[in-house]
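Here is a short report on a protein model. It covers the domains, the contact between them, some buried positions and the salt bridges.

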Amino acid sequence: MYTPHPTAMLEETISGLTCMPGHVVVDCTLGGCGHALAVCERIGPEGLLIGIDQDAEAIENARNILSRYRDRVKLVHEEFSMLPVILQQMHIEGANGIVMDLGMSRHHLEGSCRGFSFQKDEPLDMRMDVRQTVTAETLLRTLNEDELTDVFYRFGEERYARRIAGAIVRSRKKRPLLTSGQLAAVVLEALPAKARNQHIHPATRVFMALRIVVNRELEKLERFLQAVPDCLVSGGRLCILSFHSLEDRIVKRYFRQWEGRCTCAPGIPKCVCNRSTSMRPVYRRCLRPSPDEIAKNPLARSTRLRIAEKR
Ligand SMILES: C[S@@+](CC[C@H](N)C(=O)[O-])C[C@H]1O[C@@H](n2cnc3c(N)ncnc32)[C@H](O)[C@@H]1O
């Protein structure tokens with residue numbers, strides 16, 4: 001059973017995509033198919049939705065949910081930075097719209113049994129694509145204290161990264177760290193009392209960091225953004241929903257550069273200023289969910305929607 005997902009900023013995303021009958025639209029992150037269903041309705045029988053997800057369970061779910069639109073849907077079990085290859089294999093020169101929703105799917109948190117949530121006691125897997133070999137358990141078993149500190153600091157922005165890494169290394173000497181419940185308990189114990197009573201669960205950042213590293217999330221996003229201008233036809237739109245500052249920083253950097261507003265000093269390795277671009281942001285700032293949506297779905301409160309168009 002696939003856990004239903006509350007789709008974030010559905011109206012704003014679909015109107016941002018400007019879907020029309022006959023359009024080719026790519027949903028890079030199918031998940032529960034909320035965006036995909038709305039796209040299918042708008043593109044009509046002459047249109048094509050290419051639905052991508054790196055999780056086989058999401059693809060299986062999409063096969064059911066989108067079955068009544070099977071005349072206009074192609075599903076691809078792949079990761080989204082492979083989009084140029086996917087389009088090439090389908091002999092498609094470019095899409096009219098591309099949507100990417102970088103949130104955590106409710107299925108991963110609540111239904112996948114893969115240890116994404118500190119509120120459950122499940123095997124520490126955290127792979128979205130189970131064909132990969134490295135799991136969260138592998139990292140927690142094999143990285144040394146400095147490496148774990150680096151992971152929690154860089155990818156979780158966790159200020160107690162070193163304390164937590166030390167506690168993990170001590171704990172795994174006594175018994176292997178195998179479940180999300182065990183990890184949450186070790187993190188909680190490692191923190192000073194004042195850090196345990198925050199508005200977010202104290203293990204949130206550690207879980208996020210491990211998930212990002214296991215799934216190489218930032219690397220894939222960066223590769224996708226480099227390639228995306230060549231995946232759209234002229235006038236085609238890209239809509240990206242991001243949910244945390246690390247990924248939004250990457251998206252924002254590309255949007256700034258597309259706008260000709262990059263402020264990086266020359267020679268900065270991550271800088272993309274010198275690359276000529278055919279993309280233009282549609283709005284200078286990101287769009288945010290309405291108070292009404294946040295009231296109905298509090299998890300949507302951190303959503304940032306950015307839209308760009310190919311000239
Ligand atoms: C938040 S869900 C998408 C929800 C969907 N928009 C909806 O309305 O139901 C994110 C999905 O993206 C997938 N995903 C994350 N990173 C991916 C990647 N690099 N390539 C392909 N799929 C990815 C996840 O497996 C998950 O199913």
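The text below starts with the domains and ends with the charged pairs.

## Two domains

The model is predicted. The protein is divided into two parts: domain 1 takes in 10-107 + 217-310, and domain 2 takes in 113-215. Their C-alpha centres lie 29 Å apart.

Where they meet, 14 residues of domain 1 are in contact with 13 residues of domain 2. The two domains bury about 1300 Å² between them. Of that area, 47% is on carbon and sulfur atoms. On the domain 1 side, Gln54, Met104 and Glu217 lose the most area to domain 2. Together these residues account for 45% of what that side buries.

## Polar and charged links across the interface

The interface of domain 1 and domain 2 has four salt bridges. Nine residue pairs are in polar contact between the domains, counting pairs with both residues at pLDDT 80 or more. Two elements give two or more residues to the side of domain 1 that touches domain 2: α12 (217-227) and α13 (245-258). By class, the residues of that side divide into three nonpolar, five polar and six charged.

## Helix α12

How many of the 11 residues of α12 are buried? Eight are, so the helix is largely enclosed by the rest of the structure. The buried residues are Glu217, Leu218, Lys220, Leu221, Glu222, Phe224, Leu225 and Ala227.

Glu217 thus appears twice: as a buried residue of α12, and among the domain 1 residues that lose the most area to domain 2.

The cover over the buried residues of α12 includes helices and strands. The helices among them are α4 (83-89), α7 (145-156), α11 (204-214) and α13. The strands among them are β4 (95-101) and β5 (232-242). Two of these covering helices, α7 and α11, come up again below.

## Three buried positions

Threonine 149 sits in helix α7. At 10% relative accessibility, it counts as buried. Setting aside neighbours within four places in sequence, threonine 149 is in contact with Ala161, Arg162 and Ala165.

Alanine 209 belongs to helix α11. It is buried, with a relative accessible area of 0%. Not counting residues up to four places away in sequence, alanine 209 touches Val151, Phe152, Phe155 and Gly156. Alanine 209 and leucine 148 are 61 residues apart in sequence, and their C-alpha atoms are 9.8 Å apart in space.

Histidine 35 lies in helix α2 (residues 34-43). Is histidine 35 buried or exposed? Histidine 35 is buried, at a relative accessible area of 4%. Leaving aside neighbours within four places in sequence, histidine 35 is in contact with Thr7, Ala8, Met9, Leu10, Thr13, Ile14, Asp27, Val99, Asp101 and Leu241.

## Salt bridges

The structure holds 24 salt bridges. Four of the pairs are set out here.

| Acid | Base | N to O distance |
|---|---|---|
| aspartate 55 | arginine 114 | 3.0 Å |
| aspartate 71 | arginine 72 | 3.1 Å |
| aspartate 129 | arginine 131 | 2.8 Å |
| aspartate 146 | arginine 162 | 3.1 Å |

Burial can be given for some of these partners. Arginine 72 is buried, with a relative accessible area of 11%. Aspartate 129 counts as buried, at 8% relative accessibility.

The side chains of arginine 162 and aspartate 146 meet in a salt bridge. This pair links distant parts of the chain: arginine 162 is in helix α8 (residues 161-174), and aspartate 146 is in helix α7, 16 residues apart. Arginine 162 is partly exposed, with a relative accessible area of 44%. Aspartate 146 counts as partly exposed too, at 49% relative accessibility.

Which residues are joined into one network by salt bridges that share partners? They are Glu79, Arg216, Glu219 and Arg223.

Arginine 162 also ties back to the buried positions: threonine 149 of helix α7 is in contact with Arg162.

Technical notes. Residues are numbered from 1 along each chain as its sequence is written. This is a predicted model: local features need pLDDT of at least 70, side-chain atom pairs count only at pLDDT 80 or more; totals for chains, interfaces and linings use all residues. Side-chain values use heavy atoms; hydrogens and water are left out. Domain bounds come from an automatic or database domain assignment. Contact means heavy atoms within 4.5 Å. Buried area is the accessible area (1.4 Å probe) that two parts lose on being put together, summed over both. A polar contact is a pair of N or O atoms within 3.5 Å; within protein, one must be able to donate a hydrogen and the other to accept it, and residues adjacent in sequence count only if both atoms are side-chain atoms. Helices (H or I, at least four residues) and strands (E, at least two) are DSSP runs, numbered from the N terminus. Ala, Val, Leu, Ile, Met, Phe, Trp, Tyr, Cys and Pro count as nonpolar, Asp, Glu, Lys and Arg as charged, and the others, Gly among them, as polar. Buried means under 20% relative accessible area, exposed over 50%, partly exposed in between (1.4 Å probe, protein chains only).
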